[in-house]
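Trainee: I am new to this structure and would be grateful for a close look at a single part, the surroundings of the ligand. Please set that part in the context of the chain before turning to the details.

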Amino acid sequence: MKISIVTAFPELMRSYLAASVLGRAVAAGKLDAGVIDIRDFAEGDYRQIDDYCYGSGGMMLMAEPLAKALASVSEGGKPYVVYPSPQGTHLYQELVEDLSRKEHLVIICGHYEGVDERFTQKYVDMEISLGDFVLTGGEMPAMAIVDAVSRLIPGVVGNNSSVTEDSFYSGMLDTPHYTRPAEWRGERVPEVLTNGDAKAIDRWRRRRSVERTLDRRPDIAARAGIIPWLSGGAYVMEVHYPVLDKRGEKSSTAITGMDLHDIARACRTYGIKKYLLVTPLAQQREMAKRIAGHWTSGWGSEYNPDRKEAFSTLKIFASVQKALAWVLEKEKREPFKIATTAKRHAGARHWLSLKREILKKDHSPVFMFGTGWGLHDEVMDISDAVMTPITGGCDGWNHLSVRSAVSITLDRFFGWR
Ligand SMILES: C[S@@+](CC[C@H](N)C(=O)[O-])C[C@H]1O[C@@H](n2cnc3c(N)ncnc32)[C@H](O)[C@@H]1O
């Protein structure tokens, strides 16, 4: 990969490219980075590259010297042109990864008020911002882009695992790090890091990484899958009784093949220990057993072994109490019962706060989903927490199928990357 930086302050960029990790990579030929001085393409005695903005405002870079500077590095083919600008897309790791796959990246550093809009319209492929603040020039953002992209070029950073374990690479924040001495001002390095057990160290580090992500970056926390960190398992319960009917009366509902298939598949995908189906109606339980049996031991199991695995998560109960007693027996401790609802509910908690709690307490969560018009109060009352409704945020309409609600919830809690 080749990177060309077009700037009015070439010395700034050159000294950056000569130092530390990047300096070594350039010297070893692992990073092909060149700096182009815009003034080399200016005309007249004063080698003018900037002028006053039309209308109002201060100075800005002129289009022609920039276009010539760009042409000088475009001879081998059209490069991908980036203009760092506070008005651009925020820089994030996936974008850095995309940029690192370009054959030739050109970064145009603006200055003063920026660059002539006609140049950006004609030549720039992407405007990239470092954040919602304004710097005096594009050199620092260019350094940030070159630095972030270069780290992904094999051989630039000596130890590749330090790149893949860094924040954002796997969608999460990095784990805390410590160095010698093992005790500093009364603070010891966590014991697990000094005992030489590589597997235990790995588990510890990944867990801290998940905790940090949940705590500090709720916006990316959905990527912090927590299934591997639960010592017990997580359960999904689909309740057909007691639920509400249209008039708000206690009622039961019929199971549907589509829910059975889709929820079983979602449970298998997200590593759910068991999918607990609750219906007091013997005929309904029989029907569910027949459908599951077809896929787990009948002809379906040979026809589609994946579906066999999905249906192996299904367990059928006559009541909510019986299902919970079975989980208690299995886990040897009370599960953490999370009721879900599509309606506003006083005291309901955001999924992120529940996700943090599950991780902290390390107890098996049971996500209880209603059917019909939602879970009856008898179920809400025995729950340990109620989760705020899933909402698209537009006008409050959120009448999702139970299988959609299950999938969205599982992805928030257990989705991985
Ligand atoms: C003073 S700024 C121009 C700001 C511009 N007039 C505006 O308000 O959008 C000068 C140059 O610094 C760079 N720059 C400033 N802030 C930046 C940021 N947050 N991210 C990326 N580049 C930035 C750009 O190259 C820009 O052309």
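Mentor: For context, let us begin with a stretch of the chain that has its own annotation. Over residues 235–415, the chain is 45% helix and 17% strand, and the C-alpha atoms at the two ends of this stretch are 15 Å apart. The same residues, 235–415, carry a feature in an unreviewed UniProt entry, where they are listed as "domain: tRNA (guanine-N(1)-)-methyltransferase C-terminal". Please bear in mind throughout that the model is predicted.

We may now turn to the ligand. The ligand sits in the second largest pocket. A shell of 20 residues surrounds it, and Tyr83, Pro84, Gln87, Phe133 and Leu135 are the closest of them. By character, the shell divides into 10 nonpolar residues, nine polar residues and one charged residue. As for where these residues come from, strands β5 (80–90) and β7 (126–129) each supply at least two of them. The largest share, five residues, comes from β5.

Individual contacts give a finer picture. The side chain of Tyr83 has an N or O atom that lies 2.6 Å from an oxygen atom of the ligand. The backbone takes part as well: a polar backbone atom of Glu113 is 3.1 Å from a nitrogen atom of the ligand, and a polar backbone atom of Gly138 is 3.5 Å from a ligand oxygen atom. Taken alone, the ligand exposes 580 Å², of which the protein buries 86%.

The database record can be set beside this picture. Under "binding site", the unreviewed UniProt entry lists Gly110, Leu130, Gly131, Asp132, Phe133, Val134 and Leu135. From this set, the lining of the second largest pocket takes in Gly110, Leu130, Gly131, Phe133, Val134 and Leu135, and the ligand sits in that pocket. Two of the listed residues, Phe133 and Leu135, are also among the closest to the ligand. Gly131 can be located in the loop between β7 and α6 (139–150).

Some details of the backbone elsewhere also deserve attention. Most residues other than glycine have a negative phi, and most peptide bonds are trans. Ser20, in helix α2 (residues 20–27), has a positive phi, near 50 degrees, although it is not a glycine. A cis peptide bond joins Arg180 and Pro181, with omega about 0 degrees; Pro181 lies in the loop between α7 (160–164) and β8 (183–184). Another cis peptide bond joins Tyr241 and Pro242, with omega about -5 degrees. Pro242 lies in the loop between β10 (235–239) and β11 (243–244).

How values were computed: Residues numbered from 1 in each chain as written. Predicted model: local features only at pLDDT ≥ 70, side-chain atom pairs only at ≥ 80, totals over all residues. Heavy atoms only, no water. Near = heavy atom within 4 Å. Polar contact = N/O pair within 3.5 Å; in protein donor to acceptor, adjacent residues only side chain to side chain. Areas by Shrake-Rupley, 256 points an atom, 1.4 Å probe, with all protein chains shown as cover. 1 Å grid on protein atoms, 1.4 Å probe; cavity = no way out; pocket = protein on both sides within 12 Å on 5 of 7 lines; lining within 4 Å. Sits in = over half its atoms within 2 Å of the grid points. Helix = DSSP H or I, 4+ residues; strand = E, 2+ residues; numbered from the N terminus. Nonpolar A, V, L, I, M, F, W, Y, C, P; charged D, E, K, R; others polar. UniProt positions renumbered as here; feature names shortened; annotations may be inferred.
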